[in-house]
Every structure is written in structure tokens, then in C-alpha cells.
Amino acid sequence: MHGRYARRLADAPLDGAFGVIELAVCRFKYLNSLCPAVTFAEQVPGLTSPHARCTALLRSALEPIALCLAGRPGARPAAALKIRVAKDTLLNLLRATPLGQAAA
């Protein structure tokens, strides 16, 4: 084990309250010197993904809002649903959506 750190993930609201999940994550060191990566962090399947700041559940709730309204107009209905989200986050979700899914 190389070390550990605290990771905070935004989650979908529960009973009208903003949700945050805090995890203690371990970092591990690769023992194989041929691997280009030096360390890696453990992931919780279905909950976390590398570099993500929100859960898959919250992302799936925000994607339709981002596809329909994006930016600042999308942040308003999200706030009404008790989801704190920045306009730039919605724009990034829109940019990350594959073209075939956005057209459907």
C-alpha cells in the first residue's frame, strides 16, 4: 500500500437533503517496473470511477437536464430537485455525451 486519502462524492438527494459520500481510499504501488503507471487507487464498483466527483446515480439524473437545457438554465431545475450543480458541470456532461445518445 502506498497511502490513503479521503474522497468525497456528490450523490443524489435523499428525502430533500443534499447527499455526499465520503470514502477512505487506498492507493497502491505497482510492483511491476514495466508498467507505465506507478500507483493506482482502489475503486468501488457501481459507485466510483476514476477522477469522478459524483456517483453514477447523480450523473444519470443530471444527464437529461444537461441534454435539454445545459448551462445556467439547467442549473435552476436541478436546484429545485435539491441537486447542487454548477452550469459548467452541466456543460461538461453535455460535451461528454456521445452524439448518437444526444440525438435520441
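**Salt bridges, a pocket and some notable residues**

Arg 8 and Glu 22 are joined by a salt bridge, with 3.5 Å between their closest N and O atoms; the term stands for a side-chain nitrogen of Lys or Arg within 4 Å of a carboxyl oxygen of Asp or Glu. This pair ties together distant parts of the chain, since Arg 8 sits in strand β1 (residues 3-14) and Glu 22 in strand β2 (residues 17-29), 14 residues apart. Strands here are DSSP runs of E with at least two residues, helices are runs of H or I with at least four, and both are numbered from the N terminus. The model is a predicted one, in which local features need pLDDT of at least 70 and side-chain atom pairs count only at pLDDT 80 or more, while totals for chains, interfaces and linings use all residues. Residues are numbered from 1 along each chain as its sequence is written, and side-chain values use heavy atoms, with hydrogens and water left out.

Both partners of this bridge are exposed, Arg 8 with a relative accessible area of 54% and Glu 22 with 53%. On the scale used, buried means under 20% relative accessible area, exposed means over 50%, and partly exposed lies in between (1.4 Å probe, protein chains only).

The structure holds 3 salt bridges. Another of them brings together the side chains of Glu 63 and Arg 59, at 3.3 Å from N to O. These two residues are 4 residues apart in helix α1, so about one helical turn separates them. Glu 63 is partly exposed, at 22% relative accessible area, and Arg 59 is also partly exposed, at 35%. A further bridge links the side chains of Lys 87 and Asp 88, with 3.5 Å from N to O. Here, too, the partners are partly exposed: Lys 87 has a relative accessible area of 31% and Asp 88 one of 43%.

Attention now turns to the pocket. The largest pocket contains about 400 Å³ of space. To find such features, a 1 Å grid was laid over the protein atoms alone; a pocket is an open set of points where a 1.4 Å probe fits, with protein on both sides within 12 Å along at least five of seven lines, and lining residues have an atom within 4 Å of a point. Grid points are joined across faces, edges and corners, and the volume is the space filled by probe spheres set on the points. The lining comprises 21 residues, and those closest to the pocket centre are Ala 52, Arg 53, Cys 54, Arg 59 and Thr 89. Helices α1 (56-68) and α3 (87-96) each supply at least two lining residues. By type, the lining divides into 11 nonpolar, 7 polar and 3 charged residues. In this grouping Ala, Val, Leu, Ile, Met, Phe, Trp, Tyr, Cys and Pro count as nonpolar, Asp, Glu, Lys and Arg as charged, and the others, Gly among them, as polar.

What about the cysteines? A search of the whole structure finds 0 disulfides, a disulfide being a pair of cysteine sulfur atoms within 2.5 Å. For Cys 68, the closest cysteine sulfur is that of Cys 54, and at 18 Å it is too far for a bond. Cys 68 is exposed at 65% relative accessibility, whereas Cys 26 is buried at 12%.

Two backbone angles are worth a look. Most residues other than glycine have a negative phi. His 51, however, has a positive phi near 70°; this residue is placed in the loop between β3 (39-41) and α1 and is exposed at 79% relative accessibility. Ala 70 likewise has a positive phi, near 55°. Ala 70 lies in the loop between α1 and α2 (71-80), and at 12% relative accessibility it counts as buried.

Two exposed nonpolar residues complete the picture. Leu 57, in helix α1, has a relative accessibility of 53%. Beyond its neighbours within four places in sequence, Leu 57 is in contact (heavy atoms within 4.5 Å) with Asp 11 and Ala 12. Val 38 belongs to the loop between β2 and β3 and is exposed at 54%. With neighbours within four places again set aside, Val 38 is in contact with Phe 28, Lys 29 and Tyr 30. The C-alpha atoms of Val 38 and Phe 28 are separated by 8.6 Å, although the two residues are 10 apart along the chain.
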